Amino acid sequence: RTPSTARMSSIRRPKLHTMIQNNDFMRNTVHRHEPPVTAQPLRILSQNQEVVVVDKPASIPVHPCGRYRHNTVIFILGKEHNLTELHTIHRLDRLTSGVLMFAKTLDMSKKIDQQVRERQVMVRGCF
């Protein structure tokens with residue numbers, strides 16, 4: 001086969017000199033391993049129709065970033081607790097443990113964000 005007539009397919013691998021033609025299909029697969037995080041589970045401290053409050057252990061990032069996609073608080077809450085489409089109200093660094101609050105709707109996220117900006121939010125209790 002000449003370069004002009006060579007076609008890429010899932011059956012045969014193209015040779016180095018293969019010319020790419022219109023409608024040729026190319027696939028690039030990257031396999032990455034995420035860095036490990038703690039095995040300590042995420043504890044849901046409180047949950048209602050509007051918010052979810054979580055005790056985040058150290059070493060887990062809050063949302064996908066850098067080399068982390070699955071080992072994140074957002075992903076774990078979705079996978080293990082079926083809590084999807086959460087809105088981050090605030091963040092903690094990956095190496096920081098502490099209490100995190102997520103809104104379940106965009107409207108609630110905006111409302112709480114405004115309250116935080118106006119310093120109307122107060123945290124009470126022992127953690």
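**Exercise 1. Determine what share of the contacts in the protein chain with a separation of 6 or more comes from residues 24 or more positions apart, and describe the order of the elements.**

Residues 24 or more positions apart account for 45% of the contacts in the protein chain with a separation of 6 or more, where contact means heavy atoms within 4.5 Å. The model is a predicted one, in which local features need pLDDT of at least 70 and side-chain atom pairs count only at pLDDT 80 or more, while totals for chains, interfaces and linings use all residues. Residues are numbered from 1 along each chain as its sequence is written, and side-chain values use heavy atoms, with hydrogens and water left out.

Next come the elements, taken as DSSP runs (helices: H or I, at least four residues; strands: E, at least two) and numbered from the N terminus. The chain has two helices and four strands, arranged from the N terminus on as β-β-α-β-β-α.

**Exercise 2. Work out the strand order of the sheet and place H1 relative to the strands.**

Two strands are taken to pair if DSSP finds at least two bridges between them. On this basis the four strands form an open sheet in the order E1-E2-E4-E3, with antiparallel pairing. Strand E1 (43-47) and E3 are the edge strands, each pairing on one side only. E2 and E4 pair in the antiparallel sense over six bridges, and Val52 has Phe102 in E4 as its bridge partner.

H1 lies across E1, E2, E3 and E4 and runs at about 70° to E4; axes here are lines fitted to C-alpha atoms, for helices over the stretch in contact, and angles run from 0 to 180 degrees between N-to-C directions.

**Exercise 3. Identify the elements that give two or more residues to the largest nonpolar core, and list the contacts of Leu86.**

Begin with burial: buried means under 20% relative accessible area, exposed over 50%, and partly exposed in between (1.4 Å probe, protein chains only). A nonpolar core is then a set of buried Ala, Val, Leu, Ile, Met, Phe, Trp, Tyr and Cys residues joined through side-chain atoms within 4.5 Å.

The largest such core has 13 residues, and those with the most contacts inside it are Leu42, Val54, Val73, Leu77, Leu86, Leu100 and Phe102. Two or more residues each come from strand E2 (51-56), helix H1 (73-81) and strand E4 (98-103), with H1 giving the most, three residues.

Leaving aside its neighbours within four places in sequence, Leu86 is in contact with Val52, Ile74, Leu77, Phe102, Ala103 and Lys104. A second, separate core of five residues includes Val51, Ile89, Met108 and Ile112.

**Exercise 4. Establish which residues of H2 are buried and what covers them.**

Helix H2 (residues 106-117) has twelve residues and reaches 16 Å from its first C-alpha to its last, close to the 16 Å expected at 1.5 Å a residue, the expected span being 1.5 Å times one less than the number of residues.

The buried residues of H2 are Met108, Ser109 and Ile112. They lie on the same side of H2 because they cover an arc of only 100° around the axis, the arc being that of the directions from the helix axis to the C-beta atoms. Their cover includes E2, strand E3 (87-88) and E4, whereas on the other side of H2 Asp107, Lys110 and Arg117 are exposed.

**Exercise 5. Contrast the settings of Ser59 and Asn82.**

Ser59, in the loop between E2 and H1, has a positive phi of about 90° although it is not a glycine, and Ser59 is buried, with a relative accessible area of 17%. Asn82, in the loop between H1 and E3, has a positive phi of about 55°, and Asn82 is exposed at 64% relative accessible area.
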